[in-house]
Amino acid sequence: MATPIAQPGLRKQAPRWKLKAAVRKARELTIVGHALASTRHPVMAQIVPMRYCNLSCAYCNEYDKVSEPVPIDEMLRRIDHLGRLGTSIITISGGEPLTHPGLDEVIRRIRKVGALAGMITNGYLLVPERIERLNNAGLDHLQISIDNVEPDEISKKSLKVLDKKLQWLAEYADFHVNINSVVGGGIKNPQDALVIGRRAIQLGFTSTIGIIHDGDGQLKPLGEVERRVWEEMRSWKKKNYSRFNQFQEAIANAQPNDWRCRAGSRYLYICENGLVHYCSQQRGFPGVPLAEYMQTDLDREFLTEKTCAPHCTISCVHQISHIDHWRAPQTSRISPGTTDGLVNIST
Ligand code: SF4
Ligand code: SF4
């Protein structure tokens, strides 16, 4: 497809953009320091204000077509509680968060409790005026996942549909933008990930690639063509793909990872019903209302091994957990998704 000439430099030359980027960087460094200094607070929480989504990607188990938005007062209460737990980064996801009528207020409250505000969106509802409102609300990070170049029956998160939105983001967004492309999960043309990655970089965004996981967040080996795409993107690593790491390499090679999942402690997933779960793919564990989630829960989960960890593909939880990989061996074990329950493995 023909892509218009991009002018990513214009936005980044603006004094307002430079100042906001510098302040954001300083806040991020503070978060890293705080996370290293203490293990007793969540580094990241993902919060769902809206299970409804305006799209219907074939591989997705994180949306429906009927849910109402979570009432704004309830969303603000949940954010306040995450603030009391000391959460450093709160990422809004869904469903599609841009369909929530109180989204700007949610972002403002996240900033008010002192956390970095992130959002994962399919981007369909972005227009210049909406992007400006996100700027004014104080959004720090936005991620759009683009699955293919042309829409098909698997996914309509397509570069052809979203390219205009990306151009508007390049022109108007004060916040950091990451474009995530994917392989696996029935995506027909793995080469599309390369086109999407190049376009993201051309527009001045960062770019990552993920492997679509199955319904349990578990690993599916890559096919030969997918692996070749993966290798090519790895060759871009030094230039633009700093987020590649050993964890993702092991996934691509269908190898287990040796790591300590700190979900339920350093990472929390808060569903639309206000329950705390390990992650989007292990909903129901621990399944406790956020309002009742306390320091003792964080401390317990920090030291609880999850048996799904070796073949897990949830890279954001891995990245968060990596901060503590060198300390605090886990002394209990749980098998989410089974009836095994909690087993003490301390000697
Ligand atoms: S846009 Fe996102 S939430 Fe909506 S169906 Fe697709 S993957 Fe799921
Ligand atoms: S290892 Fe952790 S992040 Fe991965 S699926 Fe299990 S609970 Fe979720």
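This tour moves through a predicted model, one selection at a time.

**Whole chain**

Start with the full chain. It has 12 helices and 12 strands. Of its 347 residues, 39% count as buried. Look at the contacts with a sequence separation of 6 or more: residues 24 or more positions apart account for 75% of them.

**Ligand 1**

Select ligand 1 and show what surrounds it. The shell is made up of Cys53, Leu55, Ser56, Cys57, Cys60, Glu62, Tyr63, Gly94, Gly95, Glu96, Asn122 and Lys157. By class, that gives 5 nonpolar, 4 polar and 3 charged residues.

Stay with two members of this shell, Gly94 and Gly95. A cis peptide bond joins Gly94 and Gly95, with omega about 10°. Gly95 sits in the loop between strand S2 (89-92) and H4. Most peptide bonds are trans.

**Helix H4 and Arg111**

Follow that loop into helix H4 (residues 103-112) and pick Arg111. Is Arg111 buried or exposed? Neither: Arg111 counts as partly exposed, because it has 17 C-beta neighbours inside 10 Å. Beyond its neighbours within four places in sequence, Arg111 is in contact with Ala117 and Gly138. Now draw a distance to Ile89. The C-alpha atoms of Arg111 and Ile89 are 9.5 Å apart, with their positions 22 residues apart in sequence.

**Helix H3**

Select helix H3 (residues 72-84). It has 13 residues and reaches 18 Å from its first C-alpha to its last, close to the 18 Å expected at 1.5 Å a residue. Colour its buried residues: Met75, Arg78, Ile79, His81 and Leu82. They cover an arc of only 160° around the axis, so they lie on the same side of H3. Turn to the face pointing away from that side. Asp73 and Arg84 are exposed there.

What do the buried residues of H3 pack against? Show strand S1 (44-47), S2, H4 and strand S7 (267-270). Then step just past the helix to Gly86, which takes a positive phi of about 90°.

**The nonpolar core and H6**

Next, display the largest nonpolar core, which has 72 residues. Ile90 and Ile270 have the most contacts inside it. Helix H6 (residues 159-172) gives the most to this core, with 5 residues.

Centre on Ile270. Leaving out residues up to four places away in sequence, Ile270 touches Ala45, Gln46, Ile47, Val48, Arg78, Val276 and Leu290. Arg78 is one of the buried residues of H3.

Now move to H6. Its 14 residues should span 20 Å at 1.5 Å a residue, and the end C-alpha atoms are 19 Å apart, which agrees. The buried residues in H6 are Leu159, Leu162, Asp163, Lys165, Leu166, Leu169 and Ala170.

**Helix H8**

Select residues 224-235, helix H8. The 12 residues should span 16 Å at 1.5 Å a residue; the end C-alpha atoms are 17 Å apart, which agrees. Which residues of H8 are buried? Glu226, Val229, Trp230 and Met233. They cover an arc of only 100° around the axis, so they share the same side of H8. An α-helix has 3.6 residues a turn, so residues three or four places apart point the same way.

Flip H8 over. The face turned away from the buried side carries the exposed residues Glu224, Val225, Glu231 and Ser235. Then flip back and add what covers the buried residues. The cover includes strand S5 (176-183), helix H7 (192-202), strand S6 (206-211) and helix H10 (246-252).

**A second cis bond**

Go to Phe285 and Pro286. The peptide bond from Phe285 to Pro286 is cis, with omega near -10°. Pro286 is found in strand S9 (residues 286-289).

**Thr304**

Pick Thr304 in strand S10 (residues 304-306). Thr304 is buried, because 25 other C-beta atoms lie within 10 Å. Set aside residues up to four places away in sequence, and Thr304 touches Gly264, Gln330, Ser332, Arg333 and Ile334. Draw a distance to Thr331: the two are 27 residues apart in sequence and 6.2 Å apart in space, C-alpha to C-alpha.

**Last stop: Ala328**

Finish at Ala328, in the loop between helix H12 (315-322) and strand S11 (332-334). Its phi is near 55°, a positive value in a residue other than glycine. Most residues other than glycine have a negative phi. With 13 other C-beta atoms within 10 Å, Ala328 is partly exposed.

Notes. Residues numbered from 1 in each chain as written. Chains lettered and ligands numbered in written order. Predicted model: local features only at pLDDT ≥ 70, side-chain atom pairs only at ≥ 80, totals over all residues. Near = placed C-beta within 6 Å. Nonpolar A, V, L, I, M, F, W, Y, C, P; charged D, E, K, R; others polar. Helix = DSSP H or I, 4+ residues; strand = E, 2+ residues; numbered from the N terminus. Expected span 1.5 Å × (residues − 1). Buried ≥ 20, exposed ≤ 12 C-beta atoms within 10 Å, placed from the backbone. Arc of directions from axis to C-beta. Contact = placed C-beta atoms within 7 Å. Core = buried A, V, L, I, M, F, W, Y, C linked by C-beta atoms within 7 Å.
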